[in-house]
Amino acid sequence: MLTNVTTAKNASAALDSYNPPQKLYKALKAKLAELRGDGDVSMIRIGDGPVLKYTPSRKKQPAVEMQDPRVPQLRVKLGIAENADDNRYDAKVADAVQKFQESVDLKATGILDERTVNALNSPRRDRQIDTVLVNMERWRWLPRDLGSPSIGDAYVILNIPDYTLKVMQHGAQVWTTRVVTGKPGIHATPLLSETMKFITVNPTWNVPPSIIYNEYLPALQQDPTVLERMGLRLEHGRDGQIHISQPPGEANALGRVRFNFPNKFLVYQHDTPDKYLFAKDERAFSHGCMRVQNPDQYASVLLNITLPNDHYTPEKIRSMYGSSEIDLKFPTPIPVNITYQTAFVDDAGKLQIRRDVYGRDATMIAMLKNSRSKDLENVVAHSQPSYSRPPGGLPPGVSFASDNSYSSGPSFFERLFGGPPTPPAPIGRRPQQRRIFTR
């Protein structure tokens, strides 16, 4: 790296080439420069005084420009270089005040009132600078190439604090939807970059070991009938472990579609029967997986990218709903990037700030300011499932599945990562029917 920079014709350009190349990173960098301004701008305080207002001309009435000794400072504070010493509250100043009010969620009137003065004097802008720096750092954790070149640089990107998922192709947004993400704490949705390899319609929910041992088995200690009432099946797996599963159907916890991108955190994206959660502004309610508001549309968008000649529609996806699992495999996997962006620039060029739902920004800011960047990996805070078992065994009266009418199929790990084929079913057991659509 040192050789490349010191021998380049343009050392600045060579050094800049190591920064993330994504458009959203560059937009944040531009916002950082805008927020920093001339360096001493944040030290300027606007004094108290009368409310200032600009009245544009109307018919026979000329424009009214109030005068005040604070206006030159206001011009510097708002980055107005023209007529820097002019004390008139003219149209240009009023317009700059209005834009500032919009940026801090005040009513955009263009009038300099007490609330606007307080906002101009507050350290809010300094906090925004720190937040932008933190999120620029997070862009460094993502791949330089987010998408797959063979399918038009297509990829999926999900921003946890914004609760949105976007499908991108050819550098533009193709589709977006709302999502529900993991709860703060041990169930936080992890940051990752993996590839989606297939979609499962009518998925079986093979309950993850972390939920089995930390939630469902303790619940059985209190009520041996709880799983049966929830429509869950308790079985001894062929590996000797306890397996809990829920067959496909409308009430299945994964809904009608699951989106699979094998990863060490054992999370995926899926439909949900709890549609009401998507109406909430903040949607961190899951155990780490990501629930998608419109899974039939999402599935058709992805399939049309990787299988363009098959002309999938949401209606076609819904026509597959039933009681048997159907795997739709992608000939070209689609990259999936799960990010944590509390600050980003929207399509209108406006800086958006989201609540730090997992409380990570402050720790990162402290590390960046104290040259402890080597410790930044610690604050990624990947959620790792816990497989600790509760003390004691199963309570008396717990019923294992015995009607042999349904098999939970491959284990949880095999469903996510692939594995050896399911061994022949014992005599008397009817294997689960499964259709696999491949190209």
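Helix H3 spans residues 23-36 and contains 14 residues. From its first C-alpha to its last, H3 reaches 20 Å, close to the 20 Å expected at 1.5 Å a residue. The model described here is predicted. The buried residues of H3 are Tyr25, Leu28, Lys31, Leu32 and Leu35. These residues cover an arc of only 120° around the axis, so they sit on the same side of H3. The face turned away from this buried side carries exposed residues, namely Lys23, Lys26 and Glu34. H3 thus has a buried side and an opposite face with exposed residues.

The loop before H3 was examined next. Tyr18 lies in this loop, between helix H2 (11-16) and H3. With a relative accessible area of 32%, Tyr18 is partly exposed. Tyr18 also contributes to a nonpolar surface patch. Its partners in the patch are Met1 and Leu15. The patch measures about 320 Å².

Attention then turned to the strands. Strands of a sheet pair through backbone hydrogen bonds, either parallel or antiparallel. In this model, 3 strands form an open sheet in the order S7-S9-S8. The pairing is antiparallel. S7 and S8 stand at the edges, and each has a single partner strand. One side of each edge strand is therefore left without a neighbour in the sheet.

Strand S9 covers residues 242-246. Strand S7, made of residues 205-206, is joined to S9 by 2 bridges. In this pair, Asn206 stands opposite Ser245 of S9. Strand S8, made of residues 233-236, is joined to S9 by 4 bridges. Here Leu234 stands opposite Ile244 of S9. Both S7 and S8 run antiparallel to S9.

How many of the residues of S9 are buried? The count is 5 of 5, and the strand is mostly covered. In a regular strand the side chains alternate between the two faces of the sheet. In S9, Ile242, Ile244 and Gln246 lie on one side. His243 and Ser245 lie on the other. Residues on both sides are buried, and both faces of S9 are covered.

Charged pairs formed the next topic. Side chains of opposite charge can pair when their charged atoms come close. The structure holds 18 salt bridges. One of them joins Asp90 to Arg75, with the closest N and O atoms 3.1 Å apart. Asp90 lies in the loop between helix H4 (71-77) and helix H5 (91-103), whereas Arg75 lies in helix H4. The pair therefore ties together parts that are 15 residues apart in sequence. Is this pair buried or exposed? Asp90 is buried, and so is Arg75.

Another salt bridge links Arg88 to Asp86. The closest N and O atoms of this pair are 2.7 Å apart. Arg88 counts as partly exposed because its relative accessibility is 32%. Asp86 has a relative accessibility of 15% and counts as buried. Which residues are linked with Arg88 in a network of salt bridges? The network consists of Glu65, Asp86 and Arg88.

A further salt bridge is found between Arg229 and Asp223. Their closest N and O atoms are 2.3 Å apart. Arg229 is exposed, with a relative accessible area of 58%. Asp223 is partly exposed, with a relative accessible area of 24%.

Two loop residues were noted for their backbone angles. Lys59 has a positive phi of about 45° although it is not a glycine. Lys59 is placed in the loop between strand S1 (54-55) and strand S2 (64-65). Its relative accessible area is 91%, so Lys59 is exposed. Asn202 also has a positive phi, of about 60°, and is not a glycine. Asn202 is found in the loop between strand S6 (192-201) and S7. At 0% relative accessibility, Asn202 counts as buried. Thus Lys59 is exposed, whereas Asn202 is buried.

Definitions and conventions
Residues are numbered from 1 along each chain as its sequence is written. This is a predicted model: local features need pLDDT of at least 70, side-chain atom pairs count only at pLDDT 80 or more; totals for chains, interfaces and linings use all residues. Side-chain values use heavy atoms; hydrogens and water are left out. A salt bridge is a side-chain nitrogen of Lys or Arg within 4 Å of a carboxyl oxygen of Asp or Glu. Buried means under 20% relative accessible area, exposed over 50%, partly exposed in between (1.4 Å probe, protein chains only). The expected span of a helix is 1.5 Å times one less than its number of residues. The arc is that of the directions from the helix axis to the C-beta atoms. Patches are made of residues with over 30% relative accessible area and no salt bridge: like charges are joined within 9 Å, nonpolar side chains (Val, Leu, Ile, Met, Phe, Trp, Tyr) within 5 Å. Accessible areas come from the Shrake-Rupley method with a 1.4 Å probe; for residues, only the protein chains shown count as cover. Two strands pair if DSSP finds at least two bridges between them.
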